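The exercises below concern domains, one helix and two pockets. Work each one on the structure before reading its solution.

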Amino acid sequence: MELSDLARRLGSGQLFHAYIITGADAETRERAGNLIARAAVCQAERGVPCGVCRDCVKAERGIHPDIETVRREKDAAFHTVDTMRALRARAAVVPNEARRGVHIIAEADLMNAQAQNAMLKVLEEPPSHAVFVLLADNPEMLLETVRSRCETVVLTPEEAVLEEKLVEAARELTRAYLREDDLGLVKALRALEKLSKTECFDLVTALRREALQNSGQLTPERRKRLTDTLDTADKMVFANMKGGVLGGYLLSALCGAE
Ligand SMILES: [Zn+2]
């Protein structure tokens, strides 16, 4: 599935205690892990990260105290049993700020047998507030007993993700909206007609970030109009709308004075 499919599943309220994320490339797997983490800590509890609450903002900045990514120690070929025991101890503790604590394990397929058995113990009796995300290039290297306790998400390689282009498009759009420049909006939205579903998802995320950073420059009315529009845009993305449809909606929702 693509990231947007995962987002849609989360949006339907489906959050598991443990995931194995595989397929695609390491970067995409990390993004999937981060998406699950944000969904798990978001205060809105809608299944998809709202992008604006305190927990979402911290998660996006990579400073949320209840989200950790466990990485293999430098020069070590495998995650060791000590690493996994320490993880188990941390996972048992009630989260600091959010309702859930998220533990992402990068290169989880590089756990040695002892480490996997320690991980298995965590998965057999997971604390109710904990979510585990195992990122794995080769999930077949994980014990069957570990795999059977996780929801496996197989990501399909994405078409080239034009991150910078999307960030720039979001910036253009926000700038035009701030200036109340309808012509600028039309121009910025023309670039969106060919966006794939995944790109639409990323664009709305980028727009949320821009909206948050620039919200001080907007009147309360125009700020509300923007956040309401993004809420609807989110729903459209999760309903699998394509770029042209999304662009058309944004145009009608954001153009013109109140
Ligand atoms: Zn949130």
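Domain bounds here come from an automatic or database domain assignment. The model is a predicted one.

**Exercise 1.** State which domains the assignment gives for the chain, and describe how they are placed relative to each other.

Solution.
- Step 1: the assignment gives domain 1 (3-155) and domain 2 (163-254).
- Step 2: the C-alpha centres of domain 1 and domain 2 are separated by 30 Å.
- Step 3: with contact taken as heavy atoms within 4.5 Å, 14 residues of domain 1 touch 15 residues of domain 2.

**Exercise 2.** Check the length of helix α7 (residues 163-178) against the expected span, then identify its buried residues and what covers them.

Solution.
- Step 1: the expected span is 1.5 Å times one less than the number of residues, so the 16 residues of α7 should span 22 Å.
- Step 2: the end C-alpha atoms of α7 are 22 Å apart, which agrees with that expectation.
- Step 3: buried means under 20% relative accessible area. In α7 the buried residues are Leu 166, Val 167, Ala 169, Ala 170, Leu 173, Thr 174, Ala 176 and Tyr 177.
- Step 4: the cover over these buried residues includes α8 (182-190), α9 (197-214), α10 (220-238) and α11 (243-254).
- Step 5: just after α7, Glu 180 has a positive phi of about 55°.

**Exercise 3.** Characterise the largest pocket by volume, lining and domain origin.

Solution.
- Step 1: the largest pocket holds about 570 Å³ of space.
- Step 2: its lining has 24 residues, of which Arg 31, Asn 34, Arg 38, Glu 60 and Arg 209 are the closest to the centre.
- Step 3: at least two lining residues come from each of α2 (26-41), α3 (54-61), β2 (67-70), α7 and α9. The largest share, seven residues, belongs to α2.
- Step 4: by class, the lining of the largest pocket has 11 nonpolar, five polar and eight charged residues.
- Step 5: domain 1 and domain 2 each contribute at least three residues to this lining.

**Exercise 4.** Repeat the description for the second largest pocket.

Solution.
- Step 1: the space in the second largest pocket is about 180 Å³.
- Step 2: among its 14 lining residues, Pro 65, Asp 66, Arg 90, Val 93 and His 103 are the closest to the centre.
- Step 3: β2, α4 (81-92) and β3 (101-105) each supply at least two lining residues, and β3 has the largest share with three.
- Step 4: the lining of the second largest pocket divides into seven nonpolar, four polar and three charged residues.

How values were computed
Residues are numbered from 1 along each chain as its sequence is written. This is a predicted model: local features need pLDDT of at least 70, side-chain atom pairs count only at pLDDT 80 or more; totals for chains, interfaces and linings use all residues. Side-chain values use heavy atoms; hydrogens and water are left out. Helices (H or I, at least four residues) and strands (E, at least two) are DSSP runs, numbered from the N terminus. Buried means under 20% relative accessible area, exposed over 50%, partly exposed in between (1.4 Å probe, protein chains only). On a 1 Å grid over the protein atoms alone, a cavity is a set of points where a 1.4 Å probe fits but cannot get out, and a pocket is an open set with protein on both sides within 12 Å along at least five of seven lines; lining residues have an atom within 4 Å of a point. Grid points are joined across faces, edges and corners, and a volume is the space filled by probe spheres set on the points. Ala, Val, Leu, Ile, Met, Phe, Trp, Tyr, Cys and Pro count as nonpolar, Asp, Glu, Lys and Arg as charged, and the others, Gly among them, as polar.
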